[in-house]
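Let's walk through this model together, one region at a time. Keep the structure open beside the text and click along as you read.

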Amino acid sequence: FREQPIFSTRAHVFQIDPNTKKNWVPTSKHAVTVSYFYDSTRNVYRIISLDGSKAIINSTITPNMTFTKTSQKFGQWADSRANTVYGLGFSSEHHLSKFAEKFQEFKEAARIAKEKSHEKMELTSTPSQESAGGDIQSPLTPESINGTDDERAMPEVTQNSEPRTEPTQNALPFTHSSTISKHWEAELATLKGNNAKLTAALLESTANVKQWKQQLAAYQEEAERLHKRVTELECVSSQANAVHTHKTELNQTIQELESTLKKKEEEIEGLKQEIENARELQAQRDSLTQKLQEVEIRNKDLEGQLSDLEQRLEKSQNEQEAFRNNLKTLLEILDGKIFELTELRDNLAKLIECS
């Protein structure tokens, strides 16, 4: 519960078509709740929207993001981490203006938080450098606090007219097999998107782990150097008091370094856990992909069986039609024979009467 909503509104949610980069694709059938969340632990602002249990927006606000009003009731912003452009259609211009004001406000807050993090990093590194008498790399970096700075702004998509909430649907009949195939294709597209996000997070976590390892090695070398320095100072008896004071300061510095080292080790364990979770999700994606392939194979078999049944049905219909034609022919012949027998009976009756 470290993340709490601080502002909410309702809007229709859209995403830019990843293929054309021009058309809007609705991600919700109706207006849903769109909320700003604040993470007090990481000092991060996010925009989150859920459609049922599905997250259709999960965008972290960074200082270089821009919210653009493209019409009186529609606005958009680009999220380079999610590699997409989000669009929101509001019920009134007032709701759009309020959302844009909050976006600018939280964007400025994110910028200030990032600057404070830089200052905190500098203040943290300065005492260590002065007490140790050498250059020690600060354990905090802007990337680990607020994410990377190489956010690339995606090209803004202009939209002259307000997008429709729901596209026109043509009433076309679908077979059961095509419905299953489309369902699994949608699932596969979602998994591909999730896989891209997980891959990016995995790369970022790996880079952070490598950075922490380098810093840990630097801390260990500095600790060894300080221990050697303490030993040298203890050997100088003429400067016992000064050595004792210096030793106390060095021991305190060592304790601080060991405390920082312990925290970094805990962070590394957390990153390893995130990497493990990402691998599990990738394994689930592979499993679902295999199931999709099996369903496609079964779909092809069903289509073959359906085609065979249609051919057999057509053949049966042709045979029934031929049978009907034969019956009609026999009935015509039978009618002729009956007519001939009737004439013969009449002639016989006439002969009997004449005789």
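In which helix is Ile254 found? Ile254 sits in helix α4, where helices (H or I, at least four residues) and strands (E, at least two) are DSSP runs, numbered from the N terminus.

Before going on, a word on what you're looking at. This is a predicted model, so local features need pLDDT of at least 70 and side-chain atom pairs count only at pLDDT 80 or more, while totals for chains, interfaces and linings use all residues. Residues are numbered from 1 along each chain as its sequence is written, and side-chain values use heavy atoms, with hydrogens and water left out.

Back to Ile254, which is buried at a relative accessible area of 6%; buried means under 20% relative accessible area, exposed over 50%, and partly exposed in between (1.4 Å probe, protein chains only). Leaving aside residues up to four places away in sequence, Ile254 touches Leu226 and His227, contact meaning heavy atoms within 4.5 Å. Ala223 is 31 residues from Ile254 in sequence, yet their C-alpha atoms are 6.3 Å apart in space.

Stay on helix α4, residues 240-354, and you'll come to Leu330. With 54% relative accessibility, Leu330 counts as exposed. Together with Phe323, Leu327 and Ile333, Leu330 makes up a nonpolar surface patch with about 400 Å² of accessible area in total. Patches are built from residues with over 30% relative accessible area and no salt bridge, joining like charges within 9 Å and nonpolar side chains (Val, Leu, Ile, Met, Phe, Trp, Tyr) within 5 Å. The areas come from the Shrake-Rupley method with a 1.4 Å probe, and for residues only the protein chains shown count as cover.

Now for the charged pairs. Side chains of opposite charge can pair when their charged atoms come close. The structure holds 8 salt bridges, each one a side-chain nitrogen of Lys or Arg within 4 Å of a carboxyl oxygen of Asp or Glu. One of them joins Lys264 and Glu267, with the closest N and O atoms 3.7 Å apart. Those two are 3 residues apart in helix α4, so about one helical turn separates them. Lys264 is buried at 4%, whereas Glu267 is partly exposed at 36%.

Helix α1 (residues 93-132) has a pair with that spacing too: Glu105 and Lys102 lie 3 residues apart, about one turn of the helix. Their salt bridge spans 3.8 Å, N to O. Here Lys102 is buried at 18% relative accessibility, and Glu105 is partly exposed at 43%. Elsewhere, Arg285 and Asp286 meet at 3.0 Å, N to O; Arg285 is buried at 18% and Asp286 partly exposed at 40%. Glu108, Arg111 and Glu115 go further and link up in a network of salt bridges.

For a polar contact without a salt bridge, try Thr62, in the loop between β5 (54-60) and β6 (68-69). Its side chain makes a polar contact with that of Asn64 at 2.6 Å. The term covers a pair of N or O atoms within 3.5 Å; within protein, one must be able to donate a hydrogen and the other to accept it, and residues adjacent in sequence count only if both atoms are side-chain atoms. Thr62 is buried, at 5% relative accessibility.

Finally, confidence. The chain's mean pLDDT (the predictor's confidence in each residue, from 0 to 100) is 79, and 79% of its residues reach 70 or more. Strand β7 (residues 74-79) is highest at a mean of 95, and helix α2 (residues 142-146) lowest at 32. Over residues 127-176, pLDDT stays under 50.
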